[in-house]
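Welcome, and please take a moment to turn the model around before reading on. The paragraphs below go from a pocket to the strands and then to the cysteines.

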Amino acid sequence: MYHLSNDQLNITIAAKGAELQSIYHTGNQLEYMWSGDPAFWSKKSPVLFPVVGGLKNNSYTYKGIEYPLGRHGFAREREFTLSYQNKSSICFTLESDEESLKSYPFQFRFSVLYTLQESQLTITYQVENTGSDMMYFSVGAHPAFAVPLVEETDFSDYYLSFSHIETAPKWPLSPDGLIESAPINFLDNTNRLALTKEMFYGDALVCKQLASNSISILSNKTKHGLTVRYDHFPYMGIWSARNADFICIEPWCGIADSVLATSDITKKEGINNLHPGAVFTRNWSIEVF
């Protein structure tokens, strides 16, 4: 495990998956991340790369060749290398190798940078195409935050506050995790979503092109909460495991295959393309209070 701290926060990151494990506020003595209880979900904040969500038949084609690739890609199960660490930041890197090329025929360098500033943690994803062909990829976040956050509150005491008034549908998921062909009504001229455990019994709440660029977890019963800020992430997933005490707020540059999708990765919805030698960068942040 690797650690980074300032006078307000202590964070912990695992080399496996470059996965955030803990955000602890030393002033209010609160842990903001989910515990990782394997009875519900053993992950805490997996990094999604080189795909987000599931692929139809857990595979895709590129230049007529079929490649197997599981839900959310392989980065979350790979060991990253520590690139550097200083007083306020730490960076991990994963590079293409013989193993990755079996399921993903692109040369890449993928870095995850964590930076602390006061009570905010910023996470930066940097994808570099180190090969000679156009590269196709998705990348996204999957952090799980503890809800309830403080004692003597319940899951249903909390709500999500969106930075903008939203009128947006959600895109339901099929039993095998693919995006259904038609959305259903969800947010209707509101910036607030009351949380219930039952709302996740049908899997994640998936939205496209929300107006908001931040979502907060708040409660009328405590002054403590957090805000996830993101820009240029066109898709959003909100999820919890069945009856678990956490909420995932997931900014995505990519999305699961549709039930109507073809297997061609170059035509996949939400796919990003990157020219040889080019670099793709996205930032999102967590501010706790």
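The lining of the largest pocket is made up of nine nonpolar, five polar and four charged residues. Keep in mind as you look that this is a predicted model. The pocket holds about 290 Å³ of space. To find its centre, look for Arg71, His72, His142, Asp203 and Ala204, which are the closest to it of the 18 lining residues.

Now let us move to the strands. Strands of a sheet pair through backbone hydrogen bonds, either parallel or antiparallel. Here you can trace an open sheet of nine strands, with antiparallel pairing, in the order S7-S8-S9-S10-S22-S18-S17-S14-S15. At its edges stand strand S7 (81–85) and strand S15 (184–194); each has a single partner strand, so one side of each is left without a neighbour in the sheet. On average, neighbouring strands of this sheet are turned by 20° against each other, direction ignored.

Strand S22 (residues 279–288) is a good place to pause. With strand S10 (residues 120–129) it pairs in the antiparallel sense over nine bridges, and one pair to look for is Tyr125 with its bridge partner Arg282 in S22. Strand S18 (residues 222–230) also runs antiparallel to S22, joined to it by five bridges. Among the residues of that pairing, Val228 has Ile286 in S22 as its bridge partner.

From S18 you can step on to strand S17 (residues 214–219), since the order of the sheet places S17 beside S18. These two strands pair in the antiparallel sense over five bridges, and Ser219 stands opposite Thr222 in S18.

Another pairing to visit is that of strand S5 (residues 59–62) and strand S6 (residues 65–68), which run antiparallel and are joined by four bridges. Ser59 stands opposite Pro68 in S6. S5 and S6 form a hairpin with two residues between them, and Lys63 in the turn has a positive phi of about 55°.

Last come the cysteines. How many disulfides does a search of the whole structure find? The count is zero. For Cys91, the nearest cysteine sulfur is that of Cys253, 18 Å away, whereas a disulfide needs the two sulfur atoms within 2.5 Å. Cys91 is buried, with a relative accessible area of 6%. Cys207 is likewise in no disulfide, and the nearest cysteine sulfur, that of Cys248, is 15 Å away. Cys207 also counts as buried, at 2% relative accessibility.

Note on methods. Residues numbered from 1 in each chain as written. Predicted model: local features only at pLDDT ≥ 70, side-chain atom pairs only at ≥ 80, totals over all residues. Heavy atoms only, no water. Buried < 20%, exposed > 50% of the residue type's maximum accessible area, 1.4 Å probe, protein only. Pairing = 2+ DSSP bridges. 1 Å grid on protein atoms, 1.4 Å probe; cavity = no way out; pocket = protein on both sides within 12 Å on 5 of 7 lines; lining within 4 Å. Points joined across faces, edges and corners; volume = space filled by probe spheres on them. Nonpolar A, V, L, I, M, F, W, Y, C, P; charged D, E, K, R; others polar. Axes fitted to C-alpha atoms, helices over the stretch in contact; angles between N-to-C directions.
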